[in-house]
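Please open the structure in your viewer and keep the sequence beside it, since this tour goes from one selection to the next and says what there is to find at each stop.

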Protein chains: 2
Amino acid sequence: MSPAGDLRERVDKALHEFLYDAMPPVTSIAEELTPLVKAAEAFLLDGGKRLRPAFCYWGHRAAGAADSESIVKAAASLELLQACALMHDDVIDRSDTRRGAPSVHRRFAALHRVEEWRGDPEGFGEAAAILLGDLALIWADTMLAKSGFEAAAFQRALPIWDAMRIEVMCGQYLDVVEQARGGGSVERALRVARLKSAKYTIERPLHLGAALGGGSDELMVSLSDYGLPLGEAFQLRDDILGVFGDPEVTGKPAGDDLREGKRTALVALAVDGANDAQAQQLRSRLGDPDLDEDGVVVLRDVITATGAAAEVERLITQRLDAALAALATAPVDESARPALTDLADAVSHRAG
Amino acid sequence: MSPAGDLRERVDKALHEFLYDAMPPVTSIAEELTPLVKAAEAFLLDGGKRLRPAFCYWGHRAAGAADSESIVKAAASLELLQACALMHDDVIDRSDTRRGAPSVHRRFAALHRVEEWRGDPEGFGEAAAILLGDLALIWADTMLAKSGFEAAAFQRALPIWDAMRIEVMCGQYLDVVEQARGGGSVERALRVARLKSAKYTIERPLHLGAALGGGSDELMVSLSDYGLPLGEAFQLRDDILGVFGDPEVTGKPAGDDLREGKRTALVALAVDGANDAQAQQLRSRLGDPDLDEDGVVVLRDVITATGAAAEVERLITQRLDAALAALATAPVDESARPALTDLADAVSHRAG
């Protein structure tokens, strides 16, 4: 088994064991809470790329710290934080699917219908998803606190953990504001990308792992030089997948970002590069919730024709190159260098 | 100044100082985040009874621990947790007001309108309230962690903190399920009350303060014997105020619970005690979102006529008596006894 696959299995196992302990105290409160914890379990154990745990783990190893179950648990706690962010994001975006399955609020709307309860099934679903997201946010904290590190390691890691949690929520808010404002510039889209992905998905997990492992200030700077451009590459790839991605791999309907009218860097570049006819197509179809498959194809063609897709690919390559150049001179432990190289490539070229 | 008023001012000051430090790291991310932190500030510093901090503080003193700024800060962090619960609750219940002011989601829907942004103002408001609630939940943690207690005190307190946070979210979910099911029994309403209020509002804060102060197991049991019946009294008083409360004092529209169709113990008792004509009134008007002032008056009269209001008052008195009896023999430090007696009375007889 590859080291990456092995790590993913260990993260899954850590989450499984955490839930095994965390669920009974909830269901013992009342049996009606069983669907809530079952939904958390399904969400958490149902795939996911475990990217954030991987960066956290390898940040730890980069600091020269040994492999341990503690770092796998601490890294896995990032999946609980991410679960909160995704559940709440799906309520905010009214997304019907997540990882190819119904989103949490859809799942609970369905429960409401099956039980023939009173009131609005959608409202019930949203309530459940908001509260389950809160529970995941709390559990993230508990899992990190119980990962087994010493107090001194926690003291180093806590400011990073706090900053990361705050940044992800602020990034989500800025994202919502960008959608509401509409017509954002490439620069504004990239700013949200830096916050939502560059820091949250890559730099902070690297720093968290490194801090738990006693990494030097110099290492922290190097990890930022590697992680920040890579995070932008991650988000730019996300933009591409949101428009051109294969639903079988992404777990999201084809062209979902187009239907939502997301103001990504890709879309901003397309708008900037569009001729009159293309601009007309973009204006009339972007953000149309009823956009069908043909409409998606039309918009894809327009985005390609404006040169925006190629430009985003160029930006991704540029950022990947910058990340790898930073890694080449970074004072990381040699045991971590191959994995950090592989991760950079995986993040930039993933298909889902 | 009374000791209670003095403590309230100290809690306010601790929150103010926390926000003074916590807000700049957020607004420095992007200026668009200013309305978010300003809304948090307005929500947190705008009144509130500071009941949970009071129980936490006096639980600490009950354990014989000295007064300190640390315990005031730790106690004040409960207001941040409560802010999350209330913001999310208002989204879930679609409540327009909180503490006499527009609820957070209404405030951000108004911002959306003023800015003439695209899309649905209500959806934007809900997104902002969900994310601001998340931020408050994270800040609660940060404030507790930075309160200045030693690692050993935290180790004692963390399991209580975790349990409390989980219980409040689970209590909210059970509340939503109860509303959806409709027609709940008195027993089921009281079960939710025990979870939402008895444990979360009173017992856990008492235990949190006592654990930070090194309270004995015996003290913990006594604080439960005092806190749990008192928490039920608190919730039962809440039921009364939701129907009969003065909007000037409660900060909620008159009869708000009736319009929402909340299945409180008070309502369940009214349904149980209703004759045919009264049952007809309850069925047709409870949960009517368009219920006007006259309708509220009719329902109030029905609830009084069934004897439910008097029965709830009797239950409150019974629980207050049980709490005071437990306090009389509890091994609490004598410095805390008068305040715990006053708190019991205040909780049971408050007007808002």
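Two residues are said to be in contact, or to touch, if their C-beta atoms, placed from the backbone, lie within 7 Å. With that meaning in hand, select B:Asp175, which lies in helix H7 (residues 151–181) of chain B. Leaving out residues up to four places away in sequence, B:Asp175 touches B:Val192 and B:Lys196. Is B:Asp175 buried or exposed? B:Asp175 is buried, because 23 other C-beta atoms lie within 10 Å, and a residue needs 20 or more such atoms to be called buried. Now add B:Ser222 to the selection: B:Asp175 and B:Ser222 are 47 residues apart in sequence, and their C-alpha atoms are 28 Å apart in space.

Before going further, bear in mind that this is a predicted model. The mean pLDDT of chain A is 92, and 98% of the residues of chain A reach 70 or more, while the model as a whole scores ipTM 0.92 and pTM 0.92.

**The two chains together**

Show both chains in separate colours and turn to the place where they touch. How many residues does each chain bring to the contact? Chain A gives 43 residues and chain B gives 43 residues. On the side of chain A that touches chain B, the elements giving two or more residues are helix H4 (69–93), helix H6 (121–145) and helix H7 (151–181) of chain A. Colour H7(A) next, for the largest share of that side, 16 residues, comes from this helix. If you colour the side of chain A that touches chain B by class, you will find 28 nonpolar, seven polar and eight charged residues.

How are the two chains placed with respect to each other? Chain A can be laid on chain B with an RMSD of 0.0 Å by a turn of 180 degrees, with a shift of 0.0 Å along the axis. That is the relation of a two-fold axis. The same surface serves both copies, as 100% of the contact residues of chain A recur in chain B.

**Into the core**

Select A:Ala136 and B:Ala136, which are the residues with the most contacts inside the largest nonpolar core, a set of 241 residues. In soluble globular proteins, nonpolar side chains tend to be buried together. Around B:Ala136, and not counting residues up to four places away in sequence, the residues touched are B:Ala40, B:Leu80, B:Ala83, B:Cys84 and B:Met87.

Move on to B:Leu78, whose place is in helix H4 of chain B. B:Leu78 counts as buried, with 29 C-beta neighbours inside 10 Å. Leaving aside its neighbours within four places in sequence, B:Leu78 is in contact with B:Arg52, B:Pro53, B:Cys56 and B:Pro205. The C-alpha atom of B:Leu78 is separated by 19 Å from that of B:Met220, a residue 142 places apart from it along the chain.

**A covered helix and an uncovered one**

Select residues 51–62 of chain A, which form helix H3. At 1.5 Å a residue, the twelve residues of this helix should span 16 Å, and the end C-alpha atoms are 16 Å apart, which agrees. H3(A) is mostly covered, with twelve of its twelve residues buried, among them A:Phe55, A:Tyr57 and A:Trp58. Just after H3(A), A:Gly64 takes a positive phi of about 85 degrees.

For a contrast, select helix H13 (residues 276–285) of chain B, which is hardly covered: the count of buried residues among its ten residues is zero. Just after H13(B), B:Gly287 takes a positive phi of about 85 degrees.

**Last stops: loops and a strand**

Which residue in the loop between helix H5 (104–114) and H6 of chain A should you select? Choose A:Glu116, which has a positive phi of about 55 degrees although it is not a glycine. A:Glu116 is exposed, with 9 other C-beta atoms within 10 Å.

In chain B, go to the loop between helix H4 (69–93) and strand E1 (97–98), where B:Arg94 is placed. B:Arg94 also has a positive phi of about 55 degrees although it is not a glycine, and B:Arg94 is partly exposed, with 15 other C-beta atoms within 10 Å.

Finish at B:Arg98 in strand E1 of chain B. B:Arg98 is buried, with 22 other C-beta atoms within 10 Å. B:Arg98 and B:Lys252 are 154 residues apart in sequence, yet their C-alpha atoms are 6.3 Å apart in space.

How values were computed. Residues numbered from 1 in each chain as written. Chains lettered and ligands numbered in written order. Predicted model: local features only at pLDDT ≥ 70, side-chain atom pairs only at ≥ 80, totals over all residues. Core = buried A, V, L, I, M, F, W, Y, C linked by C-beta atoms within 7 Å. Helix = DSSP H or I, 4+ residues; strand = E, 2+ residues; numbered from the N terminus. Expected span 1.5 Å × (residues − 1). Nonpolar A, V, L, I, M, F, W, Y, C, P; charged D, E, K, R; others polar. Least-squares fit on C-alpha atoms with pLDDT ≥ 70 in both. pLDDT = per-residue confidence, 0-100.
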